[in-house]
Amino acid sequence: MSDVLELQDVSVVREGRALVDQVSWSVKEGERWVILGPNGAGKTTLLNVASSYLYPSKGTATILGETLGKVDVFELRPRIGMAGIAMADKLPKRQTVLETVLTAAYGMTATWQEEYDEIDEQRARAFLDRLGMTEYIDRKFGTLSEGERKRTLIARALMTDPELLLLDEPAAGLDLGGREDLVRRLGRLARDPIAPSMLMVTHHVEEIAPGFPHVLMTRQGKVLTAGPLELELTSRNLSLCFGLPLVVEQSGDRWTARGLPLT
């Protein structure tokens with residue numbers, strides 16, 4: 001099984017500060033990983049390196065067999081699907097949900113004069129249906145709720161049949177119902193054997209969808225631990241990661257965390 005992502009001693013330094021500090025980590029084909037940690041832990045920075053939009057200041061990043069600095073990223077990026085707040089901000093709010101997903105087929109954010117094949121539209125509709133967005137196809141992207149927008153972005157990220165799917169805090173800003181609906185749908189996607197390798201950034205263990213069996217925990221830009229979720233997501237590791245006493249519990253295929261009472 002080949003690596004879809006390999007980081008060797010990767011650091012990202014900005015204004016003298018290491019956002020990511022000497023990270024070595026590999027993700028194999030077909031794996032699903034959660035990147036977990038507090039604000040400022042370097043999670044999104046790692047995802048931006050994995051997307052090829054951010055180059056390491058030091059170290060080597062190899063994505064889908066191609067090393068950053070030695071590959072034409074415009075040929076690499078169509079092989080990577082990305083869904084997150086940064087992408088949402090680039091998309092015209094006047095476009096329909098269907099158009100928002102379809103433009104990914106051309107690597108564009110807005111419609112221009114392109115013509116789409118019937119198969120493109122069928123695929124876009126199928127991905128939207130999978131994410132529970134069929135009834136919203138003709139709605140304007142800018143009128144969607146936060147949860148509807150997140151599901152549209154995931155459908156859009158899947159449009160190019162990516163080999164690597166990156167999800168940056170997909171449940172952020174959702175209410176309880178929206179979060180649970182999204183987690184359920186992500187769990188179904190993660191368990192699909194033909195789905196791409198997946199990396200998902202989150203702050204909360206409650207947002208970890210079933211089907212994500214690996215976790216990378218980061219703090220202050222460094223890797224705290226990485227490996228199987230059932231072994232590494234412990235109260236001790238979570239407490240070290242977030243810097244206060246925490247208790248983590250597993251119920252079925254879901255996780256919860258709470259702080260210890262003050263004494």
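In the predicted model, a good part of helix α7 is hidden from solvent: D181, L182, V183, R185, L186, G187, L189 and A190 are buried. These buried residues of α7 pack against several elements, namely the strands β3 (32-36), β7 (164-168), β8 (197-202) and β12 (254-259), together with α5 (118-130) and α6. Helix α7 itself has 15 residues, and the distance from its first C-alpha to its last is 21 Å, close to the 21 Å expected at 1.5 Å a residue.

Among these neighbours, α6 invites a closer look. Two packed helices are described by the angle between their axes and the distance between the axes. The axes of α6 (residues 146-158) and α7 (residues 176-190) come within 11 Å and cross at roughly 20°. Because angles under 35 degrees count as roughly parallel, α6 is roughly parallel to α7. The crossing of the two helices is right-handed. On the α6 side, the contact is made by R151, I154 and L158, while α7 supplies D181, L182, R185, L186 and L189. Sorted by character, the residues of this contact comprise five nonpolar, three charged and no polar ones.

A further site of interest lies in helix α9 (residues 235-242), where N237 is placed. With a relative accessible area of 11%, N237 is buried, since the cut-off for burial is under 20%. Leaving aside residues up to four places away in sequence, N237 touches M217, L224, T225 and E232.

How values were computed: Residues are numbered from 1 along each chain as its sequence is written. This is a predicted model: local features need pLDDT of at least 70, side-chain atom pairs count only at pLDDT 80 or more; totals for chains, interfaces and linings use all residues. Side-chain values use heavy atoms; hydrogens and water are left out. Axes are lines fitted to C-alpha atoms, for helices over the stretch in contact, and angles run from 0 to 180 degrees between N-to-C directions. Helices (H or I, at least four residues) and strands (E, at least two) are DSSP runs, numbered from the N terminus. Angles under 35 degrees count as roughly parallel, over 145 as roughly antiparallel, 65 to 115 as roughly perpendicular and the rest as oblique. A crossing is left-handed if the near helix is turned anticlockwise from the far one by less than a right angle, and right-handed if clockwise. Contact means heavy atoms within 4.5 Å. Ala, Val, Leu, Ile, Met, Phe, Trp, Tyr, Cys and Pro count as nonpolar, Asp, Glu, Lys and Arg as charged, and the others, Gly among them, as polar. Buried means under 20% relative accessible area, exposed over 50%, partly exposed in between (1.4 Å probe, protein chains only). The expected span of a helix is 1.5 Å times one less than its number of residues.
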